[in-house]
Amino acid sequence: MGFTKVSQKFVTQVTPERMFKALVLDAHNICPKLMFSSIKSIDFVEGEGEVGTIKQINFTEASPMRYVKHRIDALDKEALSCTYTFIETNAENSLLEKLEYITYDVKFEGYGRGGCICNLTSTYKAKDDIHIKEEDIELGKDRAIGMYEVLEAYLMAHPRAYT
């Protein structure tokens, strides 16, 4: 059982506070509205957003997955950081079948004049005797960056949202 760790950064023109509020604290509302072609809804299974909360992301019929569940492991509203773990999915023939879990550490830091750097570190824990290759995780990285870009565009177009 091995671990693969991948770090990526995304620079935005939006303040770290606004990105954190939208992407972490209010993702269950904003993501289905902005990414309606892929995300049907995000529901609270347990909790209300605090540490220990389990959320279920329900995907549209266009997605190869129907849902994925994640648990919030750490949440620091002052440091603008969050850690969460994907714990369940119904995906078949996907990277997630090869893994015990994926943990994401997300941190938003100020950058330039009113922008931020979104730091995302993903830790993949493989099941027994499975080696995860870099190319296996490229699609997930691209989807994460795509989500950040959609959210950034929305926040740029709506400067009073999440202030």
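Colleague: Let's start with one residue. Is Asp 128 buried or exposed?

Modeller: Keep in mind that this is a predicted model. Asp 128 sits in the loop that links strand S7 (115-126) to helix H3 (134-157). Its relative accessibility is 53%, and a residue counts as exposed over 50%, so Asp 128 is exposed.

Colleague: How far apart are the C-alpha atoms of Asp 128 and Leu 99?

Modeller: Along the chain, Asp 128 and Leu 99 are 29 residues apart. In space, the separation between their C-alpha atoms is 8.9 Å.

Colleague: Let's step back to the whole chain. How many helices and strands does the protein chain have?

Modeller: Reading from the N terminus, the elements follow the order β-α-α-β-β-β-β-β-β-α. Counted up, the protein chain has 3 helices and 7 strands.

Colleague: In what order do the strands of the open sheet lie?

Modeller: The sheet has 7 strands with antiparallel pairing. Its edge strands, each pairing on one side only, are strand S1 (3-12) and strand S2 (39-46). The twist from one strand to the next averages 25°. From edge to edge, the order is S1-S7-S6-S5-S4-S3-S2.

Colleague: Which residue in S5 stands opposite Arg 71?

Modeller: S4 and strand S5 (residues 81-89) run antiparallel and are joined by 8 bridges. The residue of S5 that stands opposite Arg 71 is Thr 85.

Colleague: And His 70: buried or exposed?

Modeller: His 70 belongs to strand S4 (residues 67-76). Leaving out residues up to four places away in sequence, it touches several others, among them Thr 53, Ile 54, Tyr 84 and Phe 86. Its relative accessibility is 10%, and under 20% counts as buried, so His 70 is buried.

Colleague: Now for the helices. At what angle do the axes of H1 and H2 cross?

Modeller: Helix H1 (residues 16-25) and helix H2 (residues 27-34) have axes that come within 6 Å. Their crossing makes H1 roughly perpendicular to H2, a term used for 65 to 115 degrees. The angle itself is roughly 85°.

Colleague: Which residues of H2 make that contact with H1?

Modeller: On the H1 side, the contact is made by Ala 22, Leu 23, Val 24 and Leu 25. The residues of this contact divide into 6 nonpolar, 1 polar and no charged. On the H2 side, they are Ala 27, His 28 and Ile 30.

Colleague: Which strands does H2 lie across?

Modeller: H1 lies across S1, strand S3 (54-59), S4, S5, strand S6 (99-111) and S7, at about 155° to S6. H2 runs at about 165° to S2. The strands that H2 lies across are S2 and S3.

Colleague: Is Leu 120 buried or exposed?

Modeller: Leu 120 is part of strand S7. Beyond its neighbours within four places in sequence, its contacts include Val 6, Tyr 104, Ala 144 and Tyr 148. At 5% relative accessibility, under the 20% limit, Leu 120 is buried.

Colleague: Last one: what is the radius of gyration of the protein chain?

Modeller: The C-alpha atoms fill a box of roughly 50 × 30 × 30 Å along the principal axes, and 47% of the 163 residues count as buried. For a chain with 163 residues, a compact globule would have a radius of gyration near 15 Å. The value for this protein chain agrees with that, at 16 Å.

Conventions. Residues numbered from 1 in each chain as written. Predicted model: local features only at pLDDT ≥ 70, side-chain atom pairs only at ≥ 80, totals over all residues. Heavy atoms only, no water. Helix = DSSP H or I, 4+ residues; strand = E, 2+ residues; numbered from the N terminus. Buried < 20%, exposed > 50% of the residue type's maximum accessible area, 1.4 Å probe, protein only. Contact = heavy atoms within 4.5 Å. Axes fitted to C-alpha atoms, helices over the stretch in contact; angles between N-to-C directions. Parallel < 35°, antiparallel > 145°, perpendicular 65-115°, else oblique. Nonpolar A, V, L, I, M, F, W, Y, C, P; charged D, E, K, R; others polar. Pairing = 2+ DSSP bridges. Rg over C-alpha atoms; globule rule 2.2 N^0.38 Å.
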